[in-house]
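Colleague: I would be grateful for a close look at one part of this model, namely a helix and the way it packs. Please take the geometry, the burial and the contacts in turn.

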Amino acid sequence: MTATRRRELVPDDRAPAQARRFVAGVVGARHPRLDDAILLTSELVTNSVEHSRSRRMGVAITVIVTLSGQALRVCVIDAGSATWGNHEESDTLMEAGRGLRLVARLARNWGRYPLQSAPEGRVVWFELAQPESR
C-alpha cells in the first residue's frame, strides 16, 4: 500500500521547521528512517528558501511525501534558480554547501529535474530504503 501527502509552504525562514513537522507527522515517530527523512527534507527545503526563486517570487515550496512498504520518498518542488548547483563542488570545511552531500550519502537514490508544468521550476527528491531492504 502506498500513501502520498503534500503540503505547500510559504518560502520563508519558517518553511524548514514546518517541513520537518509535516514529514514527522506523515512518517510517524516509529518509522526507522524518520531522523534521516527529517534531516534531508530540512536540507532540501532550506536550499529552496535560500537559493530558488520561490522566496523572491512568492511562489510556494511544495513538499510531497510518499510512503510505501519498500521506501520513503520526499520531493521538494520550488520555482527553480539560475543554476542547478553541484554537491560535488562544495568544500567539506565550508559551513554552507553540504546539504546535497548529506542527501547523496544517506539516500538510497536522489535526483533533480525540471518541473514539466513550469520548466523554470524544479523538483529535488530523495528516497530512503526501509532498513530490511537496504
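Modeller: The account below follows one helix and its packing partner, and then turns to a loop residue. The model is a predicted one. Helix α2 covers residues 34-51, which makes 18 residues. At 1.5 Å a residue, a helix of that length should span 26 Å, and the end C-alpha atoms of α2 lie 25 Å apart, so the expected and computed spans agree. Buried positions in α2 are L34, A37, I38, L40, T41, S42, L44, V45, S48 and V49.

The partner is helix α1, residues 15-27, which packs against α2 at an angle of about 150° with 8 Å between the axes. Because an angle over 145 degrees counts as roughly antiparallel, α1 and α2 are roughly antiparallel to each other. The crossing of α1 past α2 is right-handed. On the α1 side, the contact is formed by A15, P16, A19, R20, V23, A24 and V27, and on the α2 side by L34, A37, I38, T41, S42, V45, T46 and V49. By residue class, this contact of α1 with α2 comprises 11 nonpolar, 3 polar and 1 charged.

A separate point concerns S68, which sits in the loop between β2 (61-67) and β3 (71-78). Its relative accessibility is 19%, and S68 therefore counts as buried, the cut-off being under 20%. With neighbours within four places in sequence set aside, S68 is in contact with M1, T2 and Q130.

Terms used
Residues numbered from 1 in each chain as written. Predicted model: local features only at pLDDT ≥ 70, side-chain atom pairs only at ≥ 80, totals over all residues. Heavy atoms only, no water. Helix = DSSP H or I, 4+ residues; strand = E, 2+ residues; numbered from the N terminus. Expected span 1.5 Å × (residues − 1). Buried < 20%, exposed > 50% of the residue type's maximum accessible area, 1.4 Å probe, protein only. Axes fitted to C-alpha atoms, helices over the stretch in contact; angles between N-to-C directions. Parallel < 35°, antiparallel > 145°, perpendicular 65-115°, else oblique. Left-handed = near helix turned anticlockwise from the far one by under 90°. Contact = heavy atoms within 4.5 Å. Nonpolar A, V, L, I, M, F, W, Y, C, P; charged D, E, K, R; others polar.
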